[in-house]
Amino acid sequence: MVEESVLNVGKFHNVVKLVAFSPFKSAQSALENMNAVSEGVLHEDLRLLLETHLPAKKKKVLLGVADAKIGAAILEELGYQCQTGGVVAEILRGIRLHFHALVKGLTAQSASKAQLGLGHSYSRAKVKFNVNRVDNMIIQSISLLDQLDKDINTFSMRVREWYGYHFPELIKIVSENYTYCRLAKFIGNRKELSEESLEGLEEIVMDGAKAQAILEASRSSMGMDISPIDLINIESFSSRVISLSEYRKGLQEYLRSKMSQVAPSLSALIGEVVGARLISHAGSLTNLAKYPASTVQILGAEKALFRALKTRGNTPKYGLIFHSTFIGRAAAKNKGRISRYLANKCTIASRIDCFSEVPTSVFGDKLREQVEERLAFYETGEPPRKNLEVMKEAMVEANEVVAEVKKKQEKKEKKKKKREKRRLEALAAAAEEMENSVLETEENETEPKKKKKKKKQQLEAASEPEENGLEEEALPKKKRKLSGETVQLDKKKKKKAKELEED
């Protein structure tokens with residue numbers, strides 16, 4: 001029955017009537033209201049709507065709310081009793097379904113478009129993050145680094161086996177994989193090795209005695225002969241392994257720079273690689289910051305923990321933090337203690353990195369000093385400083401660092417503004433020059449037209465025949481006047497002659 005009354009528009013109108021409706025002023029205000037509802041905060045727009053249209057007697061009103069958080073906020077701030085779930089959920093479902101019918105001038109199509117747009121903007125706002133503090137890049141780079149370590153190790157063993165048939169003595173002289181691959185590529189056929197190639201060997205090995213030993217071993221080697229084609233394949237494979245090793249170095253530098261941006265305190269305390277492994281295992285820096293110290297301590301040793309719980313054996317003392325230098329330096333009886341203390345400091349460092357506005361390694365350095373002092377305390381019995389003292393010092397130094405960073409940012413902003421101002425001035429000047437050039441071209445175009453008109457007038461005046469068959473000559477103005485006077489005198493003389501004849 002409830003479902004039928006909700007789906008049918010006529011029945012639903014009998015149950016629900018629209019009392020008040022307040023549309024959002026803009027897309028930005030809609031997004032702000034939506035964010036406030038998702039966080040369980042009472043927005044000013046919602047407060048105004050409720051205070052305006054709900055009755056003053058608060059005890060008689062029961063307000064149906066979809067979200068329990070916003071209901072609690074309304075009850076706390078305005079004092080109206082709120083109900084969630086049950087019939088309220090069904091009524092709200094019906095309101096959403098027939099919303100375009102309840103509000104005049106709103107169509108189903110425009111309502112769906114508005115909902116879609118708001119949904120996109122809300123998702124975008126939630127997904128937005130600071131580009132400089134992305135821990136996803138750290139997770140990917142540490143995973144790739146671990147994979148590269150495995151692959152380089154496997155490939156190096158393959159090169160050793162392959163080239164060992166030809167020059168088996170080289171494995172005993174050079175143990176490092178990267179150096180061995182470089183030597184295999186440089187030497188090639190051991191029979192061609194001579195005194196001239198000693199300098200090249202020294203450059204690779206960085207040791208004159210080793211280079212000499214390689215040269216002597218090549219002369220009295222027990223290895224088999226090798227064909228040129230096999231040698232080419234070995235050299236090309238060695239060059240691939242070398243390039244992978246070099247890429248790994250570059251990736252490690254990238255990881256260091258990224259860790260100094262994202263988690264400077266954690267990397268200063270426990271190292272970039274171990275810190276990155278902790279972040280990767282937790283899933284993100286935020287997740288790591290949420291973990292208690294006891295979880296961080298055994299992070300990476302989950303299998304051992306559950307096995308110990310199942311068999312009722314001893315639980316593991318450390319997980320990924322075992323790779324830290326502190327635990328290696330501690331005595332066997334103190335390893336558990338120092339791992340617990342280190343996990344505690346790692347949790348503090350990760351929380352500082354996650355929630356601080358300006359990333360700084362000051363806290364990480366101070367926490368590292370504390371761990372060093374605790375190690376010394378276990379060995380010598382020297383009492384360490386109290387945590388309160390250390391943190392006060394760290395706060396003072398951190399404030400100084402933050403002030404410097406802000407100054408730098410302000411300087412950068414000023415420089416940007418100056419550059420922008422110069423750019424705008426340059427654009428304005430260029431626009432003025434363009435306008436002036438256009439005006440000049442227009443004037444130049446009008447001047448020849450005027451000259452052409454004058455020339456035309458002169459030509460027309462010259463081509464027109466004057467009275468009595470006389471043609472105007474190209475004379476100066478004075479001469480023209482004289483010629484005009486002579487013509488007039490001639491006319492007078494003719495008139496006088498006619499008059500005398502008539503008499």
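## A tour of the predicted model

Select E202, which counts as partly exposed because its relative accessibility is 36%; buried means under 20% relative accessible area, exposed over 50%, and partly exposed in between, with a 1.4 Å probe and protein chains only. The model is predicted, so local features need pLDDT of at least 70 and side-chain atom pairs count only at pLDDT 80 or more, while totals for chains, interfaces and linings use all residues. Residues are numbered from 1 along each chain as its sequence is written, and side-chain values use heavy atoms, with hydrogens and water left out.

**The whole chain**

Display the full chain: it has 24 helices and 2 strands. Helices (H or I, at least four residues) and strands (E, at least two) are DSSP runs, numbered from the N terminus. Of the 503 residues, 30% count as buried. The accessible surface comes to about 34,700 Å², and carbon and sulfur atoms account for 55% of that surface; such areas come from the Shrake-Rupley method with a 1.4 Å probe, and for residues only the protein chains shown count as cover. Among contacts with a separation of 6 or more, 61% are between residues 24 or more positions apart, contact meaning heavy atoms within 4.5 Å.

**Two surface patches**

Return to E202, which lies in helix 12 (residues 198–205). Add E199, E203 and D207 to the selection: together with E202 they form a negative surface patch. Patches are made of residues with over 30% relative accessible area and no salt bridge; like charges are joined within 9 Å, and nonpolar side chains (Val, Leu, Ile, Met, Phe, Trp, Tyr) within 5 Å. Lys and Arg count as positive and Asp and Glu as negative, whereas His and the chain ends are not counted. The place of a charge is taken as NZ of Lys, CZ of Arg, CG of Asp or CD of Glu.

Next, select W162, Y165 and M224, a nonpolar surface patch with about 350 Å² of accessible area together. Y165 is found in the loop between helix 9 (135–164) and helix 10 (170–173), and Y165 counts as exposed because its relative accessibility is 54%. Within helix 9, pick out M157, which is partly exposed with a relative accessible area of 42%. A C-alpha to C-alpha distance from M157 to C181 gives 9.8 Å, for two residues that are 24 apart in sequence.

**Helix 16 and Q297**

Move to helix 16 (residues 272–282) and colour its buried residues: V274, G275, A276, L278, I279 and A282. Show what covers these residues, which includes helix 9, helix 14 (228–262), helix 15 (264–270), helix 17 (285–290) and helix 18. Just after helix 16 comes G283, with a positive phi near 105°.

In helix 18 (residues 293–297), select Q297. Is Q297 buried or exposed? Q297 counts as buried, because its relative accessibility is 11%. Apart from neighbours within four places in sequence, Q297 is in contact with K317, Y318, G319, I321, G336, S339, R340 and A343.

**Salt bridges**

Side chains of opposite charge can pair when their charged atoms come close. The structure holds 16 salt bridges, each a side-chain nitrogen of Lys or Arg within 4 Å of a carboxyl oxygen of Asp or Glu. Begin with E195 and R219, whose side chains meet at 3.1 Å, N to O. E195 lies in the loop between helix 11 (177–187) and helix 12, and R219 in helix 13 (residues 208–219), so the pair ties together parts that are 24 residues apart in sequence. E195 is partly exposed at 46% relative accessibility, whereas R219 is exposed at 52%.

Then select K366 and E393, which form a salt bridge of 3.2 Å, N to O. K366 belongs to helix 22 (residues 362–380) and E393 to helix 23 (residues 387–463), so this pair ties together parts that are 27 residues apart in sequence. K366 counts as buried, at 8% relative accessibility, while E393 is partly exposed, at 33%.

What else forms a salt bridge with E393? R385 does, with the closest N and O atoms 3.2 Å apart; R385 is partly exposed, at 28% relative accessibility. To finish, extend the selection to K366, E369, E373, R385, E393 and E397, which are linked in a network of salt bridges.
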